[in-house]
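Please open the model in your viewer and keep the selection tool at hand. The tour proceeds by selections, each followed by a description of what is found there.

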Amino acid sequence: MKTAIIIGATSGIGREVAAHLVEKGWKVGITGRRTEALESFRNEYGSDKVCIATMDITHDDSVAALDALLEQTGEPDLFLYASGVGYQNQELDLDKKISTVRTNCEGMVRMVDHYVNYVRCHKYSAMHKAHIAVISSVAGVAGLGTAPAYSATKRMQSHYLSALAQLAQMEHIPIRFTDIRPGFIATDILNPDKHYPMLMSKEKAADHIMKALRRKKRVYTFDWRFRVASFIWSLTPRGIWERITWIKN
């Protein structure tokens with residue numbers, strides 16, 4: 001039985017991916033701040049297939065909860081970081097910015113680094129590599145004026161994974177990495193009063209993520225329309241990009 005740990009699985013994409021994995025015969029360890037949501041998932045799928053750990057990834061003691069979960073799952077084949085927050089914040093509300101940075105940056109670094117060091121000390125190998133995947137965003141390709149902190153933190157996530165991939169090569173740590181970059185997904189993170197182009201359901205997004213994991217993609221953007229859009233964004237000169245004012249989402 002393959003095993004996975006998903007950081008941030010009480011709702012949204014993380015929960016959908018956890019459900020997909022369990023239905024395919026995996027054992028999953030899931031985390032989040034809401035104990036009742038974790039217990040509900042475990043009750044639905046069974047304690048023989050689901051382990052839970054309540055944690056707040058912005059707190060130092062979350063690594064102890066992660067260690068306890070690792071004791072239950074054993075050496076996981078997959079470590080998926082699905083936690084994330086973001087706001088449209090043209091007013092530059094400080095609390096929203098700090099919350100975004102702490103979850104998307106501090107929390108990710110705390111969790112992912114702890115697992116990298118776990119891999120160093122356990123029986124992974126070139127034939128049985130650990131797999132770390134992080135759900136970043138196409139928003140990390142270019143700075144979005146409506147969501148400065150969100151786009152910046154997603155950029156950081158992608159660059160951090162790239163640095164870790166290089167470190168793994170330097171240190172011969174048996175890990176493969178996947179940077180998953182969705183576009184607009186119908187989750188609670190989106191403003192319900194806004195209209196979002198190319199909006200995708202959580203279920204469809206989970207299907208894409210499963211495809212990226214199966215294929216062991218290094219970077220995976222979905223769907224094809226966002227692949228095209230993000231490619232164009234990456235080629236747009238900064239001087240032109242910063243003068244674009246019609247992008248409101």
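The stops below lead from the central sheet to the helices and then to individual residues.

**The sheet**

Bear in mind throughout that this is a predicted model. Begin by displaying the strands alone. Seven of them, in the order E3-E2-E1-E4-E5-E6-E7, make up an open sheet with parallel pairing. Now select residues 50-54 and 219-222, which are strands E3 and E7 at the edges of the sheet. Each of these two has a single partner strand, so one side of each is left without a neighbour in the sheet. From one strand to the next, the twist averages 15°.

**Strand E1 and its partners**

Select residues 3-7, strand E1; 5 of its 5 residues are buried. In a regular strand, side chains alternate between the two faces of the sheet. Colour Thr3, Ile5 and Ile7 on one side of E1, and Ala4 and Ile6 on the other: all are buried, and both faces are thus covered.

Add residues 27-32, strand E2, which pairs with E1 in the parallel sense over 5 bridges. Which residue of E2 is the bridge partner of Ile6? The partner is Ile30. E1 also pairs with E4, again in the parallel sense, over 4 bridges. In that pairing, Ala4 stands opposite Leu78 of E4.

**Strand E4 and strand E5**

Move to residues 78-81, strand E4, and residues 130-135, strand E5; the two run parallel and are joined by 4 bridges. Leu80 stands opposite Ala133 in E5, and Tyr81 stands opposite Val134. Are the side chains of E4 buried or exposed on its two faces? Leu78 and Leu80 on one side are buried, as are Phe79 and Tyr81 on the other.

**Helix H5 over the sheet**

Show residues 148-171, helix H5, which lies across E4, E5 and strand E6 (175-182). The helix runs at about 165° to E6. Follow the chain onward to His172, in the loop between H5 and E6. The phi angle of His172 is near 55°, a positive value in a residue other than glycine. His172 counts as exposed because its relative accessibility is 69%, where the cut-off for exposed is over 50%.

**Helix H4**

Next select residues 94-120. Helix H4 has 27 residues and spans 38 Å from its first C-alpha to its last, close to the 39 Å expected at 1.5 Å a residue. Centre the view on Arg102, where H4 bends by about 30°. At the N-terminal end, H4 is capped by Asp93, with a side-chain oxygen 3.1 Å from the backbone nitrogen of Asp95.

**Thr58, beside H4**

Keep Arg102 displayed and add Thr58, found in the loop between E3 and helix H3 (62-73). Thr58 is buried because its relative accessible area is 12%, against a cut-off of under 20%. Its side chain makes a polar contact with that of Asp56 at 2.7 Å. Not counting residues up to four places away in sequence, Thr58 touches Arg102, Thr103, Glu106 and Arg110.

**Leu38, in H2**

Select Leu38, which belongs to helix H2 (residues 35-45). This residue is buried, with a relative accessible area of 0%. Which residues does Leu38 contact, leaving aside its neighbours within four places in sequence? They are Thr10, Ile30, Thr31, Gly32, Ile52, Ala53 and Thr54. Ile30 was met earlier as the bridge partner of Ile6. As a distance check, place a marker between the C-alpha atoms of Leu38 and Ser11: these residues are 27 residues apart along the chain, and the separation is 9.2 Å.

**The loops around E7**

End at the edge strand E7 (219-222). Before this strand, select Lys216, in the loop between helix H6 (202-214) and E7. Lys216 has phi near 55°, a positive value in a residue other than glycine. Lys216 is partly exposed, with a relative accessible area of 43%.

On the other side of the strand, select Phe222 and Asp223. The peptide bond from Phe222 to Asp223 is cis, with omega near -5°. Asp223 lies in the loop between E7 and helix H7 (224-235).

Note on methods
Residues numbered from 1 in each chain as written. Predicted model: local features only at pLDDT ≥ 70, side-chain atom pairs only at ≥ 80, totals over all residues. Heavy atoms only, no water. Pairing = 2+ DSSP bridges. Axes fitted to C-alpha atoms, helices over the stretch in contact; angles between N-to-C directions. Contact = heavy atoms within 4.5 Å. Expected span 1.5 Å × (residues − 1). Bend = angle between axes of the 7 residues up to and from the residue. Polar contact = N/O pair within 3.5 Å; in protein donor to acceptor, adjacent residues only side chain to side chain. Buried < 20%, exposed > 50% of the residue type's maximum accessible area, 1.4 Å probe, protein only.
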